[in-house]
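Please read the following report alongside the sequence and the coordinates. It moves from the overall fold to a group of aromatic rings, and then to some local features of the backbone and side chains.

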Amino acid sequence: MKHKLPLMSLILGVSAILSGCASETITYHTLRALPSDNSMVLPSNSEQPIIALRNLSLPGYLDDQDIVYLKGSSQVVHVEGQQWAEPLSENLRNIFVERLKNITANPRILAFPLANNIRPERIIDVQINDFVASRDDNKLLIRSNWQITQPGKNQQTPPGYEFNRDYPLQDDSIDALMRGYQQATADLTTAISDTLK
């Protein structure tokens with residue numbers, strides 16, 4: 001009889017801890033391709049080139065699904081209870097392909113891996129070096145570059161392009177942060193599309 005009280009206390013304590021952990025809610029976020037302002041109309045018989053997005057690399061602090069922000073000059077901090085619904089690299093790959101198709105009016109823009117019988121005429125490699133909001137400055141910064149190669153035509157490394165911009169955020173809410181990510185992604189894909197012409 002003496003042993004039941006401590007055992008019951010232990011069970012109640014563990015139960016309280018578990019219910020406390022379960023009560024933490026996580027909100028999941030995803031980015032969507034913003035509509036393009038494309039006014040280009042192509043003849044229905046035009047043969048568009050096959051263009052493929054091969055690499056899209058992100059900084060290591062975006063490897064997991066936690067949403068992060070920059071505190072001070074170098075500290076990366078996780079936003080409590082906020083996560084990406086899928087790895088951001090996959091989300092961005094889908095957006096890049098969708099927006100590039102819409103902006104260029106070319107349905108033959110694809111993403112690697114490709115089927116063996118598909119030979120792209122141009123390949124895009126994108127590196128995003130920084131993509132994070134600064135809580136101190138209340139802005140989202142993106143630092144990126146990309147290259148476009150034409151397989152078989154040129155063995156030399158082609159010139160690269162850069163897209164570096166800061167986006168002021170309306171406030172420090174998660175909604176403002178998501179709007180910043182949406183706009184930065186839209187502007188980067190527009191800049192890439194301009195180099196495909």
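Helices (H or I, at least four residues) and strands (E, at least two) are taken here as DSSP runs, numbered from the N terminus. The model is a predicted one, in which local features need pLDDT of at least 70 and side-chain atom pairs count only at pLDDT 80 or more, while totals for chains, interfaces and linings use all residues. Residues are numbered from 1 along each chain as its sequence is written, and side-chain values use heavy atoms, with hydrogens and water left out.

**Overall fold**

The protein has 3 helices and 8 strands, and from the N terminus on these elements follow the order α-β-β-β-β-α-β-β-β-β-α. Of its 197 residues, 37% are buried, where buried means under 20% relative accessible area, exposed means over 50%, and partly exposed lies in between (1.4 Å probe, protein chains only). When contacts (heavy atoms within 4.5 Å) between residues at least 6 apart in sequence are considered, 69% of them join residues at least 24 apart. The protein exposes about 12,000 Å², of which carbon and sulfur atoms supply 51%; accessible areas come from the Shrake-Rupley method with a 1.4 Å probe, and for residues only the protein chains shown count as cover.

**Aromatic rings**

Rings of Phe, Tyr and Trp (its six-membered ring) are paired if their centres lie within 6.5 Å, and planes under 30 degrees apart count as stacked, over 60 as edge-to-face and the rest as tilted. By this rule the count comes to 3 aromatic pairs, among them the two in the table.

| Pair | Centre to centre | Angle between planes | Class |
|---|---|---|---|
| Trp 84 and Tyr 181 | 5.2 Å | 85 degrees | edge-to-face |
| Phe 131 and Tyr 181 | 4.7 Å | 75 degrees | edge-to-face |

Because Trp 84 lies in strand 4 (residues 75-84) and Tyr 181 in helix 3 (residues 174-194), their pair ties together parts that are 97 residues apart in sequence. The pair of Phe 131 and Tyr 181 likewise links distant parts of the chain, with Phe 131 in strand 6 (residues 122-134) and Tyr 181 in helix 3, 50 residues apart. Ring pairs thus join Trp 84, Phe 131 and Tyr 181 in a cluster. Trp 84 is buried at 1% relative accessibility, Tyr 181 is buried with a relative accessible area of 1%, and Phe 131 is buried as well.

Another ring has a charged partner: Arg 135 lies over the face of Tyr 69, at 3.9 Å from the ring centre, the criterion being that NZ of Lys or CZ of Arg is within 6 Å of the ring centre and within 35 degrees of the ring normal.

**A buried polar residue**

Asn 91 lies in helix 2 (residues 88-104) and is buried, with a relative accessible area of 4%. Leaving aside neighbours within four places in sequence, Asn 91 is in contact with Thr 30, Leu 31 and Glu 86. The side chains of Asn 91 and Thr 30 are joined by a polar contact of 3.2 Å, that is, a pair of N or O atoms within 3.5 Å, of which, within protein, one must be able to donate a hydrogen and the other to accept it, and residues adjacent in sequence count only if both atoms are side-chain atoms.

**Backbone features in loops**

A cis peptide bond, with omega about 0 degrees, joins Phe 112 and Pro 113, and Pro 113 is placed in the loop between strand 5 (109-111) and strand 6. Ala 105, although not a glycine, has a positive phi of about 55 degrees; Ala 105 lies in the loop between helix 2 and strand 5 and is partly exposed, with a relative accessible area of 24%.
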